[in-house]
Structures are given as structure tokens and as C-alpha cells.
2 protein chains.
Amino acid sequence: MGTQIDVLEAIRKKLLGKKLTYDEIYSIMDQIAQKKLGNVLTTYFAASGYSKGFNNKELYYLTKAMVETGEKLHFTGIVADKHCIGGVPGTRTTLIVVPIIAAAGFTIPKSSSRAITTPGGTADDMEVLAKVEFSREQIYKIVEKTNGCIVWGGSFRIAPADDVMIQVEEPLLFESYDKILVSIMAKKVAFGSNHVVIDLPYGEMVKVHRLKDAEVLKEKFEYLASEFKIKIKVIIHKTDEPSGRGIGPILETRESIRVLQQKENRPVDLEVRSLNLAGALLDLCIRDKGEEFKDKVKKKYGNSIGWATEILKSGAAFEKLKEIIKAQDGNSNIDSEDLKPGHFSYKVTAKKHGKVEKINSKNITIISKVLGAPGQKKSGIFLNKKIGEEVKKEEILYTLYSENLYNLKEAKDSVENFPVMII
Amino acid sequence: MGTQIDVLEAIRKKLLGKKLTYDEIYSIMDQIAQKKLGNVLTTYFAASGYSKGFNNKELYYLTKAMVETGEKLHFTGIVADKHCIGGVPGTRTTLIVVPIIAAAGFTIPKSSSRAITTPGGTADDMEVLAKVEFSREQIYKIVEKTNGCIVWGGSFRIAPADDVMIQVEEPLLFESYDKILVSIMAKKVAFGSNHVVIDLPYGEMVKVHRLKDAEVLKEKFEYLASEFKIKIKVIIHKTDEPSGRGIGPILETRESIRVLQQKENRPVDLEVRSLNLAGALLDLCIRDKGEEFKDKVKKKYGNSIGWATEILKSGAAFEKLKEIIKAQDGNSNIDSEDLKPGHFSYKVTAKKHGKVEKINSKNITIISKVLGAPGQKKSGIFLNKKIGEEVKKEEILYTLYSENLYNLKEAKDSVENFPVMII
């Protein structure tokens, strides 16, 4: 299926605003996945999507073709997943939600990305604790043993066309909503997930700026899910700042482990957000387990969030993460406080009394990257203050950490131009 | 003017369908001309033009910016030019029109392209007779000596952004009308032309398919010309077949020389077309030469076509071409019959009695390229029959020529699938 001429014709057709058939889209994806199309033509195809947009049917075809031109995983029964559309630095819920769901007895093979738009992707963070690159066969073994995994989505040839397209999209520094949608759903379908919660933050500083856009995107997620027979719940919420206080692989992972260990110094907002997501996902899963099961959960925990909370508070979730870490060749003997940020640090203090009005996530991303994240796992920012908190003059607002003195100096010089907090 | 960020922002803006300012377009063209933008981003910009189109103001900005980011030629007084938008194989009017205009005493520094969509561009054909690549200073000298030149438009840094854009457009095998327009007008402006005739063929087999599209394109040419203070005449005419019978550099050039030499075997349709174009261009030029001059021409030749005809028939045009050939380091001692096509030939004959109904220009292009044109100057096709001519069974329809036996064999095998003539 799909000669070079067909593909050219199809790209020209789309550039002029016509709709594509499944065969046309399959041919394009196939050539992209096989790296036969070349950068220029792949860019034309990407551009046609920005310019003219895709209708729902085309988005379905794109997702399906992206899946079909790569490898897939097959699990039986309920396969759970949760995914955040991203763009918020920090906020590492995956390391909390996955072990809760797996401890509840559901299969949750989680594929995560490395940093695209933030200073650390979930895969970068998990790498602090264990390996994240595995073959298909190894992933089957890990999930069989523990119910879950947290691996890098690019580990094997899963939706390979997506990876190629990301390369031509990067120079434009611009991700379309449709692109985010297709990219996420293709990976879910390829991983065989059939019960999925999507975390969809919106706000001035994240990928989706307006509630209206978030609602349109939600509907598209629901449409695609129904086409692929996936039970989905899309949770929209306004986001003005990271959940938790750590940004950068080590600092983010430490926050998640603090929640799992129920430490005093754990970030409560991250815990609440994780429990909400875990509860929503358990809800989806329970619905397909039969009346008896549902009744049992209701009687014992009140509702799904109650069950998730119990799993977290009892330590079962932390035990489960340790199992997964071990299965992924990591050291499961961990404590949050062993995760220490870089030696070189600098405290940014308040110049006046006041209240934190705003946190600029984009500048957090810029400064964290200057500090060396995500390549340097120990580099990043710790937010000593968050929105709404009172600060006195000279009090610490946030702390810069780096593995490298040069990076720290650069970041220190940059915070004037890229302010992280507004008081 | 124009940082990397400005340019990215502008490209994104255009991809989403907004209009660009001159500063934005200048910045984009500047980065493209300096080869700083990279293939992927240049492709996004090209794609934004296909998808959303440019309004007249933007087309003006594009043309102006393409000119301003490169080098220019400056001549004084009336500077004539004629240009065919291309897409018809053969039809080599330039080699006839340029010497007529130059012999009439007008300056005509002609920049020609190498083959883009046909088996030979005018520059490829002129190269049969003389050199076509010169520096700016050399071009001034040639034009000073002879009034004219026929050089390759890419000889020096003239509208360099156009050449870069052609590279990213080529993989798509698709030229937009706007692209043709801007590309041609930028070269005219950069060469300092102020009296221009545009030859705009339309038909099933050429670039512009419908009269309606040709009329829209004509208006855009007129708009741009008025912005640049260029006097223009756009001649629209339906085209079903090449003018003349030769396709490929040697065969095309031979046809033009036959016309200039007024040989018995010259193609009359090519002569008529060339005289019409030369007449129209003389008309434009005469209008700016004052009443006395106009009266003189009218009295002596009746009209501009009369004058062009006299210049051709008297042999003055042929003498002028020889002057130009000499100035361009060629051998001016030529006769059309010295121009011989490749040794290897194959005659395609009619399988039945009838009349030639149709000539497929696209297939002519394909077969000529298989034969080795334009790289092999002696390869090409000679049309023994043209549309409307009677053929007997077994009579020769057309002859394939090649410098190379392998190419000839390939072409011979291809004519079944890519028929050149329909009887």
C-alpha cells in the first residue's frame, strides 16, 4: 500500500485543504515511519495539519495509521493508563498513580516521555530510580510480575511515525492541539490501554491556554477513545503553578517519593492531585469488574478516591513502586531524603514583603534548562514559596540547584530577565 | 532586522492564516537567502503559502524582499524583457525574440532558467551555442556591446531566496501560481527590467490549466508590475502542443536558428509566436520613445509586428544573435543544420490511418528526460507530425534521439505507457 506518488498527491491534496482517506493517511504514515519520506515532505505534511486542520475522522485515521505502522503490546482484560498532556514543569503524579493502580490489582503498563517542553519528563524522573528502556519482551515480564511499569515510550518501535514528526515539529517551537491528541492516543492504543484518564490542565502558562480550547480538546479525546473502544475520563482543571515544589528529575522524584512515604514534608497539593487521578482511573476500571466487586469497594472504602487513599496511606503504593523499581533493575532500597539535588545552589530572596502573586512556568522551564536539567538529573529549582504564600523581605523565594558551577552562574544571571515569581 | 525569534513567530502566524507585514517577510527572506533558516522551517514557510495563500500586498512584499536580499543589475533607460511562465516543452521563442529586440536598439538583458519542469530550459538551450554563466560585471560588458544577453538567472546572487525555496518546493513536485509569479517578477526587478512581456500559455498540459486561472494570474502580474513601476503586457493563449517540432536542447535550438536563418524547413508556428511576442514588446518600448519615433516606425513598418518581421526577415536578428553568441564566448559561425541530434534514434510509426488528435506534453517531458535531456544536449524528440495533421499507417509520428543506446532503449520501452500522440 502506498507508492511515493500516492503520498505526494495526498500531501498536496491536504495542503490545498481537502480531506484525506484512511489509505492516503496510512501511506503517508507508513513512509514517515520507514523514514522514506524525507524531512521536507514530512514538514509539508505537518504544515498541512497546522494550516488546514484535521476533522475528527482524519484524526482517527492518523492515530490508527500511527499505531498500525509500528509495534504493539497486547495485555488481556482491563488495561489502565493515565496521561497528562504536559507543559507543566514538576507535577510528577505518574510515580504515585501507577503504583496505586497496580497495587489495586489492575494492569497499568505506563509509557512515559522524556522531556519535550519541560525540564524533565516522567521517563527522565523514573530514570533516577531505575532503567526505563526495555524491549517488548522485557516489558511483558515486568508487567506480569508487578502489574505495572514506568518505561520510556520510545523504548521500542511504538508509533514510530510520531517520533519522526516530533523532529520536524521541534524547529517551529509549536505544538498543535491535534498533534498532542494524536500523539498521546496513538501510544495508548499501541500499549493496548482500554481504560484511560487524561489529565488536561489549562492556564496562561501551560500548553492549553483557555477553558474553551480545553473543552474542544476533551471532546476530541472522547471521540477518538470511542472509535478505539477505550473507556476514557478527561479531567480539565485550571493550573497556575506546579503541584509540589521540586522541578528537575531528582527534585521532582523526591517529591513523589515523599508522598508515597507519607513524609511530613510531602507536598499536599501533589498528593491531592494524584489521588484524584487515581480515584478517577479506579472508577473507570471498577465499572467493568461486575456488581459484586463494585459493592465491595463501596462498602470498604466509600468510593474510588477512598480506596486510592487507603492504598497510599497504608504504604501499599510505596511497596508497589519498590517492586516496579526492582523489576526495572533499580535499587528498591530508597528513601526520599537520599535523593539530593546538586552541590551548587543559590537562594533567591524576596526584595520586599508581600504575597506570591504569580509563578511563571515558562521561565521555570528556561531557568531549569540553564541549570542543566534534564540532562543533569540533580539540577533544578525548589520552590520555597508558592502562589498565595506570604513572604517577608529577605526570605527565600526559591532555590537554584546545579551539578555544575558554570550552569549555576548562568542561571543566577538569567533570573533577572526570566523572573520565576512575581510578588 | 529580523532575529530568529521574529522569523519563527512570523512563520507560525502565516501557518495559522494571518497576514504578514513587510518587515516580517523581509526577515524570513533574509534568513532564507543567507541559508540560516534550515530546510524544515523554509518548508513550513513554503507550505504556509500553499495552504493559506498570499494577498496582493504580501505578494508584493515577497517579491520586493526577494530582490532586496540579493544583488541587482542597473541599466539606464528602457530595459526590455520577455518571459514565458513555462511548462511547455520546446517552444524556444527567447532565442528569436531577444535578438530582434536587441537589433531594434533596445536593451534586453535576458535571464533564463535551466530546466525545472521541461526537458530543457532556455539557459540549457543557449548553452548549446555559448556560455551562460557570467559575473555581474561580465553581463554589463556583454549587454553594453550587443544590447542583449541570454544568461542563466542563477549566475550570481540574484534573488537568492528564490533558489533556496525552489529546493524545498521540488520534492513536492508542485508549483503554486503565486510562487511562479513572485519568482519571475523578483528576477525581472533584480535585472532592472522596466518593459516586460509575459507569455502565459494555458491548457490541459501546461502549468495553468484553465482560462479563469490564467486571467487571475494576469491580474496579479499587472498588480505587481504597477507596484514596481514596470510597464507590462501579459499575453494569454491556449496551448495544446509545443511550437516547433524539436524537444531537447539541440533539437530546440536548431528550430530557433532555422527561424532566424529563414530556412525552408523552419517551424512557422514558432516564428509566428515569436513575432507576436517581439511585436508586443516593441510596442511597450516604442510608447516611451516619443511621438517622433512612434511615427517613424508606423510609417516604415505599419506596426510593431511589422518592424519585428522586417528585423527577422532581413537577417538582422540572426546577425544580432551571432554577436551575442560571440560576446558570450561561443562560436558565432553557426548553421542550423550543424546542430545534429544524438546518433541513436528510433522512429515511432502510426499503427493506423487517421489524424493527430492530441499531443501529451507531460509524456513528452517524461520521455525526453528518459532519453537523457537536458543533461545530454543531443537527446530529445522530434515531432514529425503535429495536431491536426493526417497520418497514414506506418508513417513516422515522431523520432526519439539519444546520445546513449541505453537511454534510447528505456525510452522506447516507455512510450507504450506514456503515449506522446493520440490519433
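This report describes strands, cores, the chain interface and salt bridges in a predicted model.

## Strand E4 and its partners in chain A

Strand E4 of chain A spans residues 195-202, and 8 of its 8 residues are buried, so the strand is largely enclosed by the rest of the structure. In a regular strand the side chains alternate between the two faces of the sheet. In E4(A), A:His195, A:Val197, A:Asp199 and A:Pro201 point one way, while A:Val196, A:Ile198, A:Leu200 and A:Tyr202 point the other way, and all are buried.

E4(A) runs parallel to strand E1 (residues 80-84) of chain A, to which 5 bridges join it. Within this pairing, A:His83 has A:Ile198 as its bridge partner in E4(A). Strand E5 (residues 231-238) of chain A also pairs with E4(A) in the parallel sense, over 8 bridges. Here A:His195 stands opposite A:Lys231 of E5(A).

## The four-stranded antiparallel sheet

Chain A also contains an open sheet of 4 strands with antiparallel pairing, in the order E6-E10-E12-E7. Strand E6 (246-247) and strand E7 (344-349) of chain A stand at the edges; each has a single partner strand, so one side of each is left without a neighbour in the sheet. The partner of E7(A) is strand E12 (residues 396-402) of chain A, and the two pair in the antiparallel sense over 6 bridges. A:Ser345 stands opposite A:Tyr401 in E12(A).

Helix H11 (residues 249-261) of chain A lies across E6, E12 and strand E10 (380-383) of chain A, and runs at about 45° to E10(A).

## Nonpolar cores

The largest nonpolar core has 144 residues, of which A:Tyr44, A:Phe221, B:Tyr44 and B:Phe221 touch the most other members. Apart from this core lies another of 45 residues, among them A:Phe106, A:Met126, A:Ile150 and A:Ile250.

Leaving out residues up to four places away in sequence, A:Phe221 touches A:Ile85, A:Leu181, A:Ile184, A:Met185, A:Ile198, A:Leu200, A:Ile232 and A:Val234. Among these contacts, A:Ile198 and A:Leu200 belong to the buried residues of E4(A).

In chain B, B:Leu339 is found in the loop between helix H15 (316-327) and strand E7 (344-349). B:Leu339 has a relative accessible area of 10%; it is therefore buried, under the 20% limit. With residues up to four places away in sequence not counted, B:Leu339 touches B:Val128, B:Ile250, B:Thr253, B:Arg254 and B:Ile257. One of these, B:Thr253, is 86 residues from B:Leu339 along the chain, yet their C-alpha atoms are separated by 7.9 Å.

## The interface of chains A and B

The size of an interface is often given as the accessible area lost when the parts come together. Chain A and chain B bury about 2,100 Å² between them, and 71% of this area is on carbon and sulfur atoms. Each side is represented in the contact, with 21 residues from chain A and 21 residues from chain B. The rule finds 0 salt bridges across the interface of chain A and chain B.

## Salt bridges

Over all chains, the count comes to 78 salt bridges. Three pairs are listed below.

| Pair | Closest N and O atoms |
|---|---|
| A:Arg258 and A:Glu337 | 2.9 Å |
| A:Asp413 and A:Lys409 | 3.2 Å |
| B:Lys320 and B:Glu323 | 3.2 Å |

The pair A:Arg258 and A:Glu337 links distant parts of the chain: A:Arg258 lies in helix H11 of chain A, A:Glu337 lies in the loop between helix H15 (316-327) and E7 of chain A, and they are 79 residues apart. A:Arg258 counts as buried at 6% relative accessibility, whereas A:Glu337 is partly exposed at 27%.

Both A:Asp413 and A:Lys409 lie in helix H17 (residues 405-414) of chain A, 4 residues apart, which is about one turn of the helix. A:Asp413 is partly exposed at 44% relative accessibility, and A:Lys409 is exposed, with a relative accessible area of 52%.

B:Lys320 and B:Glu323 are 3 residues apart in helix H15 of chain B, so about one helical turn separates them. B:Lys320 counts as buried at 10% relative accessibility, while B:Glu323 is partly exposed at 37%.

Salt bridges also form a network in chain A, linking A:Arg114, A:Asp124, A:Glu127, A:Glu133 and A:Lys377.

Terms used
Residues numbered from 1 in each chain as written. Chains lettered and ligands numbered in written order. Predicted model: local features only at pLDDT ≥ 70, side-chain atom pairs only at ≥ 80, totals over all residues. Heavy atoms only, no water. Pairing = 2+ DSSP bridges. Contact = heavy atoms within 4.5 Å. Axes fitted to C-alpha atoms, helices over the stretch in contact; angles between N-to-C directions. Core = buried A, V, L, I, M, F, W, Y, C linked by side-chain atoms within 4.5 Å. Buried < 20%, exposed > 50% of the residue type's maximum accessible area, 1.4 Å probe, protein only. Buried area = accessible area lost by both parts, 1.4 Å probe. Salt bridge = Lys/Arg side-chain N within 4 Å of Asp/Glu carboxyl O.
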